[in-house]
Amino acid sequence: MLRFLLLRVLTTIPVLVLVTFVVFGLVLLIPGDPAVTIAGPDATVEQVAAIRERLGLDRSLLVQYWDWVTSAMSGDLGTSLYTSRAVATSIGDALPVSIALAGAALLVSLVIAVPTAIVSALRRGTWIDRVATLGSSLGIALPSFWLGLVFVLVFSLTLGWLPATGYVPFATDPAAWVTHLILPALTLGIAGAAESTRQLRGSIIGVLQQDYVRTARAKGLRGRMVVGKHVMKNASVPLVTVLGLQITALLGGAVLVEQVFGVPGLGQVAIAAVTTRDIPVIQGIVLVAVLVAVVCNLLVDLVYGYLNPKVRPR
Amino acid sequence: MTQSQTGPTTSELSVAPGAPAAAGLPAGTDVAAVAHPPVRHRGGAWSNFRRRVAKNTGAVIALGVLGLLVVIAVIAPWITPADPNQQDLRSVLLPPFSDGYLLGSDQLGRDILSRLIMGTRVSLLAIVLALAVAMVIGVPAGFLSGFLGGRFDMLVMRLNDAAMSFPPLLLAIALVGVLGPSLRNAMIAVGILLAPRFLRLVRGVVIGLKEETFVEASRSIGTRTRTIIVRHILPNTLSPLTVAIAVTAGYAMLSEAGLSFLGLGVQPPDASWGSMIREGFLYVGRAPWLGIFPGVLIALTVFTFVTLGDGLRDALGREERTES
């Protein structure tokens with residue numbers, strides 16, 4: 001197990017190095033002279049020169065990359081071109097909000113997906129299964145931000161049950177924190193639930209067709225025992241994979257949902273940065289989001305290795 | 001379209017029962033196929049696939065709906081009841097079924113129905129662009145990676161791992177942020193995002209095909225590598241690719257809608273369904289229908305793509321079903 005752990009941690013290093021190349025390389029993609037483009041059409045020569053110096057564009061590419069990576073590793077992601085705030089501070093403020101939203105959405109998606117997938121796989125081909133399959137296809141097809149709009153329309157504007165926008169930190173008022181989080185989490189979670197239901201249903205059906213399930217049934221084990229002891233135990237392994245995929249997808253999807261509900265998470269910071277071409281902020285957010293995704297997936301893989309000894313190297 | 005083409009191919013199959021499609025057949029029948037120049041068996045797996053698709057009700061209905069959307073997109077400028085960009089500030093935010101505005105008007109008094117019809121064109125074009133970018137990157141890379149194997153494969157797969165560790169939408173947003181917001185840039189970004197899907201699929205299929213008996217047989221009688229690729233490998237990647245295109249098109253549409261909703265995709269006064277939801281969002285309290293209609297259209301179209309993808313996957317031969 002220790003060897004598996006070490007090996008798995010080591011394989012993420014080349015991926016992370018490649019990711020830093022890509023994130024750093026974003027600057028190179030700016031059409032024309034980056035300093036001129038960032039400064040905007042009305043900038044003076046001095047302003048352009050100042051931006052060039054602040055971004056370090058006057059030095060060689062390799063030096064620029066090395067500086068960027070080493071300061072990023074020490075937690076310094078540069079300063080915003082627009083607000084002159086440290087990028088790390090803006091991200092530090094927004095990240096807990098995004099994590100709370102993504103975590104709540106993950107909870108919603110699992111609460112919906114796991115029971116639906118189990119029932120639908122066990123009653124394969126019946127009307128319940130067909131409704132569940134249709135529902136999950138529809139769930140994938142609904143644009144999350146549109147679903148958010150409909151939720152705001154129904155639950156906030158018409159029924160007045162929940163606040164339409166905004167966010168209250170947990171420390172300020174836990175009750176308000178919950179009510180402000182319900183609609184965004186539901187919106188984001190439903191999209192994830194649809195995807196997870198489809199994958200889980202498939203893997204449970206796969207387990208149901210295994211020989212050991214047939215044997216268990218043949219030796220007269222009761223249906224509930226077969227499902228509980230054999231099917232669910234083995235189907236929980238793919239559930240872990242689904243979790244890993246979900247985390248990356250939720251971090252991306254959160255951007256849209258945050259925009260709809262005015263939740264001040266990473267997505268809001270990202271959109272603000274993108275509209276002002278605030279390159280250091282964009283780079284910082286992408287880097288942090290990838291790090292979160294990579295670490296989560298690493299944890300998922302380690303759990304996977306723990307649950308399923310077959311994937312561990314011997 | 002499908003029916004007119006199934007005719008000749010079925011007769012081809014009856015002439016040569018050992019066509020490349022029948023990879024699962026016993027070796028005895030394969031000899032006949034190898035002995036004759038295999039020109040006439042071209043696309044054996046492909047024509048089997050098309051026959052099975054024609055029998056799948058869900059897939060046929062989905063194809064019909066998509067065909068209708070394509071027709072609407074093509075003839076859009078001629079069927080809009082009004083100029084989609086014509087403003088009329090005396091009749092803003094009219095509800096559906098108003099006089100002269102079947103689905104109502106928006107905040108600038110533009111006809112929503114006309115904008116939805118023109119939006120069909122923008123939304124479908126966006127999908128085509130994103131898929132083209134994704135395939136231009138993913139298909140050759142996946143093919144070479146699977147065919148050559150070794151160090152090249154390892155390098156490509158590491159790059160692929162790195163690409164897949166980015167939260168999808170966030171990478172697109174960053175790319176658009178750097179390149180500047182426009183529909184073209186947004187769809188290039190979405191294409192880059194979707195490329196790994198094609199890469200993995202094609203690589204998997206090619207690796208599987210390399211081991212197939214008919215490829216080995218062809219190689220053993222001295223067929224040149226180029227001929228093997230053109231005659232045996234490429235045609236057999238067609239049907240799995242079609243499935244991937246259908247599934248991916250749905251994602252491309254949702255991504256375009258998302259980016260346009262954020263204001264990073266299509267720019268005003270042009271409209272896609274996604275950007276119309278953005279406008280509708282600003283008036284959600286006063287004119288909810290503004291955002292509702294385009295959302296319903298997006299959901300229906302993506303649902304059609306998902307259904308088509310499921311139907312096409314069911315129509316794949318057993319030998320073609322790789323993990324994807």
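**Chatting through a two-chain model**

Colleague: Which elements of chain B have the lowest and the highest mean pLDDT?
Modeller: Helix 1 (residues 2-15) of chain B is lowest at 37, and helix 5 (residues 112-148) of chain B is highest at 90. Here pLDDT is the predictor's confidence in each residue, from 0 to 100, and helices are DSSP runs (H or I, at least four residues; strands are E, at least two), numbered from the N terminus. This is a predicted model, where local features need pLDDT of at least 70, side-chain atom pairs count only at 80 or more, and totals for chains, interfaces and linings use all residues. Residues are numbered from 1 along each chain as its sequence is written, while chains are lettered from A and ligands numbered from 1 in the order in which they are written.

Colleague: Where is the pLDDT below 50 in chain B?
Modeller: Over residues 1-40 of chain B. Beyond near neighbours in sequence, that stretch still has 54 contacts in the model; a contact means C-beta atoms, placed from the backbone, within 7 Å.

Colleague: And what does chain B average?
Modeller: A pLDDT of 78, with 84% of the residues scoring at least 70. For the complex, the predictor gives an ipTM of 0.83 and a pTM of 0.81.

Colleague: How many helices and strands are there in chain B?
Modeller: Twelve helices and zero strands.

Colleague: OK, new topic. How many residues does each chain bring to the contact?
Modeller: Chain A brings 40 residues and chain B brings 37.

Colleague: Which helix gives the most on the side of chain B?
Modeller: Helix 7 of chain B, with ten residues. That side of chain B divides into 27 nonpolar, eight polar and two charged residues. Nonpolar covers Ala, Val, Leu, Ile, Met, Phe, Trp, Tyr, Cys and Pro, charged covers Asp, Glu, Lys and Arg, and the others, Gly among them, are polar.

Colleague: What about the largest nonpolar core, which residues touch the most other members?
Modeller: Ile285(A) and Leu170(B), out of 161 residues. Such a core is a set of buried Ala, Val, Leu, Ile, Met, Phe, Trp, Tyr and Cys residues joined through C-beta atoms within 7 Å. Buried means 20 or more other C-beta atoms within 10 Å of a residue's own (exposed is 12 or fewer, partly exposed in between), with C-beta atoms placed from the backbone.

Colleague: Which helix gives the most to this core?
Modeller: Helix 8 (residues 183-210) of chain B, with 16 residues.

Colleague: And what is Ile285(A) in contact with?
Modeller: Leaving aside neighbours within four places in sequence, Ile285(A) contacts Ile91(A), Leu266(A), Val269(A), Ala270(A) and Ala273(A).

Key. Contact = placed C-beta atoms within 7 Å.
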